[in-house]
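Okay, thanks for coming, everyone. I'll put the structure up and talk you through it bit by bit.

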Amino acid sequence: MRTQVAIVGAGPAGLLLSHLLYLRGIESVVLEARSRDYVEQRVRAGVLEQGTVDTLVSSGVGERLLREGLVHHGIELRFGGQSHRIAFEKLVPGRAITVYGQQEVVKDLIAARLAAGGQILFEVADVVPEGIDGPHPEVSFTHRGERRAIQADFIAGCDGFHGICRDAIPPGVLQFFDKEYPFGWLGVLAAVAPSSEELIYASNDRGFALHSMRSPQVSRFYLQVPPDEDIAAWPDERIWAELAARLETVSGWSLATGPVLEKGITAMRSFVAEPMQFGRLFLAGDASHIVPPTGAKGLNLAAFDVTVLTEALAGWYACGDATLLDGYSRACLRRVWRAQHFSWWMTTLLHSFESYDAYDRRLQQSYLDYVCTSEAASTSLAENYVGLALH
Ligand SMILES: Cc1cc2nc3c(=O)[nH]c(=O)nc-3n(C[C@H](O)[C@H](O)[C@H](O)COP(=O)(O)OP(=O)(O)OC[C@H]3O[C@@H](n4cnc5c(N)ncnc54)[C@H](O)[C@@H]3O)c2cc1C
């Protein structure tokens, strides 16, 4: 088999890259370890920045997103028995976020690729990128019991944090930056109408809680829990009781409950591998960087990376100009580090840390108060949340 760009991973990064390349007349093949059904059902992120929405819409895969996505013009911060709205329409006029599940983005992209005759090979195993430091890289893999290989001009490692592409880069090339947080998030998907029109970020002595949503009928919740927590310790009744305790802290507001559809615990971590390229292998999305989900940046960064990579590859195929390819890592990392800082900042602002003493807690409360009462501070939060125009 031969293609121009071999893409490892059919998450948002790999699928969007394949779609954007197709629009520029560049061929690709996507190799995915999981089944189509699995990737289309995998519940993860759900907050799209304006720039991500614009990319999806302008590339022709935004029709359902525009119809079903929930446009939000603010978020709520809840602490100390009070609610404070961060009003995007006032602080960052013309910019908003759209709530639309990552699995819906994935479904739309898979449908678009297959309708255009694109090749996505699901359930591949033992994927090995080879020859990445020369002009003729290839990816070998097992599909339907048969060992196969794809020759390509470039390989895109879009295989997430636990993928294999990052490890294919020789030791000593990459520099790693890593931070683990002393807690995880228990994520819950429930068949109940949201109790709030906008996301609620609640900072509470019992721990952080987030009330989000995926549609007018489906809500998404998160609870801060110990990092090694066993999901078995969280029967549905305990989840609802804890959500109520952390969210029902303002008078007159109550949480509606319903059947839990799915629940799971995710570790909270920040990670960057630099640079995002070695030879003919380019890393994009979670393969190169992850953030704690507090700032809702992971999926948006993945979309930005592949937009930059598409331009760079299009430049190379148009006239053999490698300038943009050479600048790929630098162009992405500026935005990656802004998102790293914002995600870390939101996380430390809103969570309870066992290591905090009374002084640290007072500082945290003071900063929360500042963010909600100073227009300069709330504008900073708002512009980072909706996504900065960094190129
Ligand atoms: C468990 C979890 C929960 C999350 N929850 C949230 C959230 O609530 N809010 C939020 O904002 N963000 C969340 N995120 C972050 C966000 O979902 C990611 O940033 C986003 O998925 C990045 O997209 P990606 O395409 O780079 O990587 P991924 O979506 O991870 O896609 C990588 C793809 O590569 C495939 N793959 C991996 N290894 C191989 C291999 N060897 N061969 C072939 N294919 C391979 C995987 O199966 C996967 O389909 C979550 C992430 C995780 C992991």
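Let's start with a pair of residues: Gln277 has Phe282, in β19, as its bridge partner. That pairing belongs to β18 and β19 (residues 281-283), which run antiparallel and are joined over two bridges. By the way, what you see here is a predicted model.

So what sheet do those strands belong to, and in what order do its strands come? It's an open sheet of six strands, and reading across you get β8-β2-β1-β12-β19-β18, with mixed pairing. The edges are β8 (119-121) and β18, and each of them has a single partner strand, so one side of each has no neighbour in the sheet.

Stay with β18 for a second, and look at the loop just before it. Pro275 sits in that loop, between β17 (260-274) and β18 (277-278). The peptide bond leading into Pro275 from Glu274 is cis, and its omega is near -10°.

Now move across the sheet to β1 and β2. Strand β1 covers residues 5-8 and β2 covers residues 28-31; the two run parallel, with four bridges joining them. If you want to find the register, Val5 is opposite Ser28 in β2, and Ala6 is opposite Val29.

Are the side chains of β1 buried or exposed? They're all buried: Val5 and Ile7 point one way, Ala6 and Val8 point the other way. It's a similar story for β2, which is covered on both faces. There, Ser28 and Val30 are on one side, Val29 and Leu31 are on the other, and all of them are buried.

Step back one residue from β2 and you reach Glu27, in the loop between α1 (12-23) and β2. Glu27 is partly exposed, at a relative accessible area of 48%. If we skip neighbours within four places in sequence, Glu27 is in contact with Arg2, Thr3, Gln4 and Val5. Then there's Gly118: it's 91 residues from Glu27 in sequence, but the two C-alpha atoms are 8.3 Å apart.

Next, a helix. Phe88 is in helix α5, residues 88-91. How accessible is Phe88, buried or exposed? Buried, because its relative accessibility is 0%, and the cut-off for buried is under 20%. What does Phe88 touch, once residues up to four places away in sequence are left out? On one part of the chain there's His72, His73, Gly74 and Ile75. Then come Pro93, Arg95, Ala96 and Ile97, and finally Ala382, Tyr385 and Val386. While we're in that region, the C-alpha atoms of Phe88 and Glu383 are 8.0 Å apart, with their positions 295 residues apart along the chain.

Two backbone oddities before I zoom out. Arg144 isn't a glycine, yet its phi is positive, about 50°. You'll find Arg144 in the loop between β10 (138-143) and β11 (146-151), and it counts as exposed at 78% relative accessibility. The other one is Ala296, again not a glycine, with a positive phi near 55°. Ala296 is in the loop between β20 (289-290) and α8 (298-319), but this residue is buried, with a relative accessible area of 18%.

Okay, the whole chain now. How many helices and strands are there? We've got 12 helices and 20 strands. The radius of gyration is 21 Å, close to the 21 Å that the globule rule gives for 391 residues, so the chain is as compact as a globular protein of that length. Along the principal axes, the C-alpha atoms fill a box of roughly 65 × 40 × 40 Å.

On burial, 56% of the 391 residues are buried. The accessible surface is about 16700 Å², and carbon and sulfur atoms account for 51% of that. As for contacts, take those between residues at least 6 apart in sequence: 71% of them join residues at least 24 apart.

Last thing, charges. The chain has 34 positive and 46 negative charges, and the mean positions of those two sets are 2 Å apart.

If you want one place to begin looking on your own, go back to that open sheet of six strands and follow β1 and β2 along their four bridges. That's it from me, thanks!

Technical notes
Residues numbered from 1 in each chain as written. Predicted model: local features only at pLDDT ≥ 70, side-chain atom pairs only at ≥ 80, totals over all residues. Heavy atoms only, no water. Rg over C-alpha atoms; globule rule 2.2 N^0.38 Å. Buried < 20%, exposed > 50% of the residue type's maximum accessible area, 1.4 Å probe, protein only. Contact = heavy atoms within 4.5 Å. Areas by Shrake-Rupley, 256 points an atom, 1.4 Å probe, with all protein chains shown as cover. Lys, Arg positive; Asp, Glu negative; His and termini not counted. Charge placed at Lys NZ, Arg CZ, Asp CG, Glu CD. Pairing = 2+ DSSP bridges.
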